[in-house]
Amino acid sequence: MAAATGFWADRHPVHRAGAQQGVKRCYPESSGMKLLICFLAAAMLSSAADAGSRQLRVARAAEALENSLIEQRRDLHMHPELSNREVRTARVIADKLKKLGFDDIRTGVSQHGIVALLKGGKPGGVVAVRADMDALPIQETADVPFRSRTPGVMHACGHDIHMTVALGTAEVLSRMRPEIPGSVKFIFQPAEEGAPEGEESGAARMIAEGALDNPRPAAIFGLHTNPELPAGKVGWIAGGMLASSDTFQIKILGKRVHAAWPHQGIDPVVVAAECILALQTIRSRRMDPVEPLVLTVGSIQGGNRSNIIADEVVMQGTLRTHSEQIRECAISLVKEIVAGVAASHGARAEIRWSPRSNPVTFNPPELTERVVPLLAGALGKENVVRTPPVMGAEDFAYFQKALPGFYFWLGVGDPAKNTRGALHTAEFEAHEGSLVTGVKAMANLVLDYLERYAR
């Protein structure tokens with residue numbers, strides 16, 4: 001490096017002296033440190049200004065779409081389809097993505113699922129957005145002009161909101177394609193509520209059929225409606241957000257006999273009753289009381305006459321936890337307790353666990369620390385709130401098992417009432433002001449994550 005000349009030599013005595021003496025020193029260390037600090041500060045201010053400008057443009061674009069978002073949501077709400085039956089729904093989504101000029105649209109993934117890729121104008125990584133598509137077998141009671149037109153079927157879990165937010169995000173990002181550093185993969189998933197008996201679908205099957213491949217995302221994002229959170233707000237939690245869910249069937253085998261001679265038979269109804277009570281001691285007496293766990297026997301069937309002791313009783317239920325260790329321990333205790341109670345009466349018990357279980361929906365703390373400030377920047381800190389874990393379940397957890405994933409709540413409650421009916425009920429309603437909030441949150445989350453982390 002040559003001796004200092006020109007600008008620096010003219011302005012700093014040390015530089016002039018160094019130039020005269022041939023000292024290989026360009027400028028004092030203190031000045032260099034000040035220059036570096038100024039440079040970094042300027043870069044940070046420029047980056048913050050860029051992010052602020054982008055957030056403003058996303059906000060304006062989302063707000064301009066409000067009427068079309070409401071129209072899209074109402075169309076999906078009026079035409080709900082059950083798990084693995086999302087034929088019209090898939091067609092509507094695919095047609096919309098084609099109009100937006102997506103580069104690659106795969107249909108028929110896991111029956112009616114869709115995987116679509118939007119390539120940005122700059123090189124970079126890949127992130128994914130997931131939305132579920134199916135409805136529930138519930139007769140809607142809400143008195144709204146866009147109520148379900150399919151008898152006995154309703155979007156009672158907000159999946160119409162999820163799809164609309166994803167499509168709105170796709171539209172906003174498609175208009176910003178030249179400045180997107182990387183690509184965005186949109187995954188529209190069927191059968192989140194569970195495929196009919198004997199069928200397969202949902203997140204696990206989409207992954208098995210390559211939904212996360214070619215290209216593989218660095219992270220995946222999803223959201224779920226929350227009627228207990230006012231529209232305009234989103235909720236988050238680090239770690240276990242939603243529970244694992246395991247479905248079981250217990251069959252108690254007794255001995256049929258006339259009700260007048262109970263001593264000659266084995267009454268499976270009595271055995272089943274004792275099993276139900278004994279199973280509750282798993283929560284109250286066999287587990288650490290601070291560990292979340294819910295065990296529910298939701299169905300019991302047996303017998304056909306009042307004066308006949310039945311020969312079998314069948315019970316069905318679910319087990320929910322927030323820990324894989326607790327989950328495994330509880331499953332073992334269910335087997336132990338049911339077998340012991342049945343044996344004490346001379347009966348036999350058979351237990352079958354459904355293969356359609358869901359792991360814990362778990363937001364990795366490191367990923368959560370990254371994305372919560374991004375949400376706060378997009379929506380305002382006052383609209384991004386920490387929420388407690390709940391015992392509901394979601395097969396988004398399978399995506400989180402495959403790669404880093406963040407799942408958050410989208411408030412859909414009426415700000416005046418703070419609720420519009422619980423999830424999975426005939427009275428469920430979603431405040432449509434949540435649609436613009438969802439698009440703002442998801443679009444900014446994707447853009448910021450691609451810019452800062454997905455390299």
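**Exercise 1.** Work out whether threonine 368 is buried or exposed, then place it and list its partners.

*Solution.* Start with accessibility: threonine 368 comes out at 3% relative accessibility, so it counts as buried (under 20% relative accessible area; exposed is over 50%, partly exposed in between, with a 1.4 Å probe and protein chains only). Before going on, note that this is a predicted model, where local features need pLDDT of at least 70, side-chain atom pairs count only at pLDDT 80 or more, and totals for chains, interfaces and linings use all residues. Residues are numbered from 1 along each chain as its sequence is written, and side-chain values use heavy atoms, with hydrogens and water left out.

Next, the location: threonine 368 sits in helix 11, residues 365-379 (helices are DSSP runs of H or I with at least four residues, strands are E runs of at least two, numbered from the N terminus). Last, the partners: beyond neighbours within four places in sequence, threonine 368 is in contact with Trp236, Ile237, Ala238, Asn363, Pro373 and Phe406 (heavy atoms within 4.5 Å).

**Exercise 2.** Do the same for threonine 150: where is it, and how accessible is it?

*Solution.* Threonine 150 is in the loop between strand 3 (122-132) and helix 6. With 29% relative accessibility, it counts as partly exposed. Skipping residues up to four places away in sequence, threonine 150 touches Met78 and Pro80. For a distance check, take glutamine 139: it is 11 residues from threonine 150 in sequence, and the two are 8.7 Å apart, C-alpha to C-alpha.

**Exercise 3.** Classify how helix 6 packs against helix 13, and say what the contact is made of.

*Solution.* Two packed helices are described by the angle between their axes and the distance between the axes. Here, helix 6 (residues 159-175) and helix 13 (residues 434-452) have axes that come within 8 Å and cross at roughly 55 degrees (axes are lines fitted to C-alpha atoms over the stretch in contact, with angles from 0 to 180 degrees between N-to-C directions). Helix 6 and helix 13 are therefore oblique to each other (under 35 degrees is roughly parallel, over 145 roughly antiparallel, 65 to 115 roughly perpendicular, the rest oblique).

Now the residues: helix 6 brings Ile161, Thr164, Val165, Gly168, Thr169, Val172 and Leu173, which meet Ser434, Leu435, Gly438, Val439, Met442, Ala443, Val446 and Leu447 of helix 13. The residues of this contact split into 10 nonpolar, five polar and no charged (Ala, Val, Leu, Ile, Met, Phe, Trp, Tyr, Cys and Pro are nonpolar; Asp, Glu, Lys and Arg are charged; the others, Gly among them, are polar).

**Exercise 4.** Repeat the job for helix 5 and helix 6.

*Solution.* Helix 5 (residues 87-99) packs on helix 6 at about 15 degrees, axes 10 Å apart. That makes helix 5 roughly parallel to helix 6. Thr89, Ile93, Lys96 and Leu97 of helix 5 meet Met163, Leu167, Ala170 and Glu171 of helix 6. The tally for this contact is five nonpolar, one polar and two charged residues.

**Exercise 5.** Find which residues touch the most other members of the largest nonpolar core.

*Solution.* The largest core holds 72 residues, and Leu97, Leu173, Phe188, Phe221 and Phe406 touch the most other members (a core is a set of buried Ala, Val, Leu, Ile, Met, Phe, Trp, Tyr and Cys residues joined through side-chain atoms within 4.5 Å). Helix 13 gives the largest share of this core, 11 residues. Apart from it lies another core of 25 residues, including Leu279 and Leu295.
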